[in-house]
Amino acid sequence: MAVDEGVAPATGSTDGEAVHRLKPNAVGLLGVVFMAVATAAPITAMTGNVPFMVSSGNGIGAPASYLVAMVVLAIFSVGFTSMAKHITSTGAFYGFISYGLGRTAGLASGLLATFAYVVFEPALIGIFSTFATTTLKDQTGVHVPWWAFAILMLAINATGTWFGISVAEKLLVLLLATEVTVLAAMAVSVAFHGGGPHGFSFAPVDPVNAFKGTSAGLGLFFAFWSWVGFESTAMYGEESRDPKRIIPKATMISVLGVGVFYVFVSWMAIIGNGEAEAVKAASSANPLAMFFNPTERYVGHWAVDVMQWLMITGSLACGMAFHNCAARYLYALGREGVLPSLKNTIGRTHARHGSPHIAGLVQTVVSAVLIAAFWIAGKDPYNALYVLLAILGTMAILVVQAVCSFAVLVYFRSHHPESRHWFRTFAAPLVGGIAMLGVVVLLVSNMSAAAGPESGSLLLKATPWLVALVAATGVGYALYLKRWAPERYALLGRTVLEETKER
């Protein structure tokens, strides 16, 4: 099918009107995997989450909690990828749930997913700015205010999205490869040296220990939190080559690959210190010592310096990936004319690059406004901007993941009898959906502990209500469209292109 200046006809449109489309065949399997893994930000997940899990969660059972989370997310992904083999849409959850549970649930979930990715970017800018300011001062003595780094990251993210997925892919491949390498160097060195001062211990990977410690629920929640964004593989379907094959593979590779990496690195970090010493380091004034100590001992001091810089680039990669996710969700809602004015604004793509350039700029403006609000309020970029917005976005996306699992169940009851399977399209999505609801409960019950110094924040207390409000807005507006604009209601979550349509 010919593509003229980024525009292609949409199936499901009753009036033959064209929609602006993303650039097809722009990314392959590895590119999609890198985009998804970048949202998980391995170095941030390890250095940011593991010390907290060890000190306040399930103690030395932190690696085991990653093992449990990997199994649960793999089961969830079985159903998710079964849907991806039949439906390809840049709206991902929005499209999947619309086909499975109907347009009303689809729009509510689409708004929730969009909301989550919109707030994830400024959250990551908060942690990026903290790492950058601290590292620059520690290693050079130069102090640069955190807001200057925030502006820099906003500009980088906006530029990457403007020039298309292939440009963002190249940047993310470079950034991700370096952060994974330094973590792997520490872990492999510990393994080669016999497992640290007390030798090897398999207690950290014993699944029983995932449910022990000061707060097993908190530890398990942080484990699941470390994967947030892996599901973004589906939103690159329209831009990938052979999406019916690539997206399912990329999703499972992301879940299992990241999982094995998390388990191995966190395990080696604990035994590289020694179990008791790891708990002490994680509980100290500098919890990053849990990773810095074995890195310096088994790799060298130079690797500690490099790790500090890679914490900056890792959070940059994560924020860039979330910016791309948010832009694509905004674009997906815009091109369907959820609001008529959106179709020729955020629903447009760049004539040359085939990128959601206007949606990307809108996301940049929203992120800038949120960052400015925290700065004006005098809030800390890590404890407030990062932690509070990450919790807010995580709750929203976990709810959507649970709903998506049940959408898979319903969808295959009435569609594609040739694809029905007792495990792939029934047991896996059922177990995955229930498990995701369980994780939401873990989040709600551990929000205050996860928020640390901001446990009394008004935003934290309002988090469940904000998520409910966004969902209710989607339901209400969908019902309004169903009554007063049925032709627009009919398109909700159903815009797919000829090459990738539901089959």
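**Exercises on cavities and one loop residue**

By class, 6 nonpolar residues, 1 polar residue and no charged residues make up the lining of the second largest cavity. The model is a predicted one.

**Exercise 1.** Find which residue accounts for the polar count in the lining of the second largest cavity.

Solution. Step 1: list the lining, which consists of Leu73, Phe224, Trp227, Val228, Phe230, Leu398 and Gln401. Step 2: apply the classes, in which Leu, Phe, Trp and Val count as nonpolar. Step 3: Gln is not named among the nonpolar or charged types, so Gln counts as polar. Gln401 is therefore the polar residue of this lining. The volume of this cavity is about 40 Å³.

**Exercise 2.** Describe the largest cavity by volume, lining and contributing helices.

Solution. Step 1: the volume is about 170 Å³, and the model holds 3 cavities of 30 Å³ or more. Step 2: the lining has 15 residues, and Thr39, Ala40, Trp225, Cys318 and Tyr386 are those nearest the centre. Step 3: at least two lining residues come from each of helices H1 (29-40), H2 (42-56), H5 (103-140), H12 (301-335) and H14. H2 gives the largest share, 3 residues. Step 4: by class, the lining has 11 nonpolar, 4 polar and no charged residues.

**Exercise 3.** Locate His416 and decide whether it is buried or exposed.

Solution. Step 1: His416 sits in the loop between helix H14 (381-414) and helix H15 (423-451). Step 2: its phi is positive, about 50°, although His416 is not a glycine. Step 3: the relative accessible area of His416 is 12%. Buried means under 20%, so His416 is buried.

Key. Residues numbered from 1 in each chain as written. Predicted model: local features only at pLDDT ≥ 70, side-chain atom pairs only at ≥ 80, totals over all residues. Heavy atoms only, no water. Helix = DSSP H or I, 4+ residues; strand = E, 2+ residues; numbered from the N terminus. Buried < 20%, exposed > 50% of the residue type's maximum accessible area, 1.4 Å probe, protein only. 1 Å grid on protein atoms, 1.4 Å probe; cavity = no way out; pocket = protein on both sides within 12 Å on 5 of 7 lines; lining within 4 Å. Points joined across faces, edges and corners; volume = space filled by probe spheres on them.
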